[in-house]
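Here is a quick walk through a structure you may not have met before. Take a look at the model, then read on for a few places to stop at.

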Amino acid sequence: MLLVLTGVTVVSVALLAWVNELTKEPIAQANAKALSDAVNLVVPGFDNNPIAEKKMQEVNGVQYAVYPATKGGEYIGAAVEASAMGFGGELKVLVGFDAQGNVLNYSLLQHAETPGLGSKADVWFKAGGKGDITGMNPGQQPLAVSKDGGKVDAITASTITSRAFLNAVNAAYAAFAGQEQADGVTGATQTNVEQPAGEEEATPSPAAQ
């Protein structure tokens, strides 16, 4: 019995390692293409290879990837990866800035927010959205939701997600500008395990889960 169990374990481990090796390269290629497409979306018009020229910038103790974009040798902006803790977990965004630091566009790379609520962040803050941040410059004034004295309309019933998103955008700007410190941006990775007083975001129902 012991020999049989040992044999099954060895074979299982070998199969898992083999499958992992087979899928590692296709997954890496898919991730690279997704990133390339996102950079093209948020900083259009470049003729260099921003991903190959990636730089790392530390902001408040956290490393952020900055992808500089040039056209004809002239700097036209950059795409910056940043993240923050949302209502359901880590929210990761790629933000595009022009050379002056104005927001061009963004792509929500990863999130675990409530479907139909916080998940709206993928379009809410884009051009034409209710919380449109395009053209805003976090260097002039950190982006914040209106209930915190800012100029951005929060996602309906999803203030935590909205704050996290804008926190990530502000961190992205700090990295873009080469700042090692950023007001209102923290490197902490604390998950929201308890809903703060006054927060409107609903807990997902069993059906939504």
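Let's start with one pair of residues: Val80 has Val95, in S4, as its bridge partner. The strands involved are S3, covering residues 74–85, and S4, covering residues 90–98, and they pair in the antiparallel sense over 9 bridges. Keep in mind that this is a predicted model.

Now zoom out to the sheet. Its 5 strands come in the order S1-S2-S3-S4-S5, the pairing is antiparallel, and the sheet is open. Which strands sit at the edges? Those are S1 and S5 (103–110), each of which pairs on one side only. Going from one strand to the next, the twist averages 25 degrees.

There's a helix to add to this picture. H3 lies across S1, S2, S3, S4 and S5, and it runs at about 140 degrees to S3.

Next, the loops. Two residues here have a positive phi even though neither is a glycine, and the table puts them side by side.

| Residue | Phi | Loop |
|---|---|---|
| Asn60 | near 50 degrees | between S1 (55–59) and S2 (62–71) |
| Ala157 | near 65 degrees | between H2 (121–124) and H3 (159–176) |

Is Asn60 buried or exposed? Asn60 counts as buried, because its relative accessibility is 18% and the cut-off for buried is under 20%. So this buried residue is found in the loop that links S1 to S2.

The loop between H2 and H3 is also the place of Asp132. With a relative accessibility of 27%, Asp132 counts as partly exposed, since that class covers values between the 20% and 50% cut-offs.

What does Asp132 touch? If you set aside its neighbours within four places in sequence, Asp132 is in contact with Trp124, Phe125, Lys126 and Ala127. Its side chain also makes a polar contact, at 2.6 Å, with the side chain of Thr134. And how far apart in space are Asp132 and Val152? The two are 7.3 Å apart, C-alpha to C-alpha, with their positions 20 residues apart in sequence terms: that is, they are 20 residues apart along the chain.

To retrace the route on the model, begin at Val80 and its partner Val95, move out to the edge strands S1 and S5, find H3 lying across the sheet's strands, and finish at Asp132 in the loop between H2 and H3.

Terms used. Residues are numbered from 1 along each chain as its sequence is written. This is a predicted model: local features need pLDDT of at least 70, side-chain atom pairs count only at pLDDT 80 or more; totals for chains, interfaces and linings use all residues. Side-chain values use heavy atoms; hydrogens and water are left out. Helices (H or I, at least four residues) and strands (E, at least two) are DSSP runs, numbered from the N terminus. Buried means under 20% relative accessible area, exposed over 50%, partly exposed in between (1.4 Å probe, protein chains only). Two strands pair if DSSP finds at least two bridges between them. Axes are lines fitted to C-alpha atoms, for helices over the stretch in contact, and angles run from 0 to 180 degrees between N-to-C directions. Contact means heavy atoms within 4.5 Å. A polar contact is a pair of N or O atoms within 3.5 Å; within protein, one must be able to donate a hydrogen and the other to accept it, and residues adjacent in sequence count only if both atoms are side-chain atoms.
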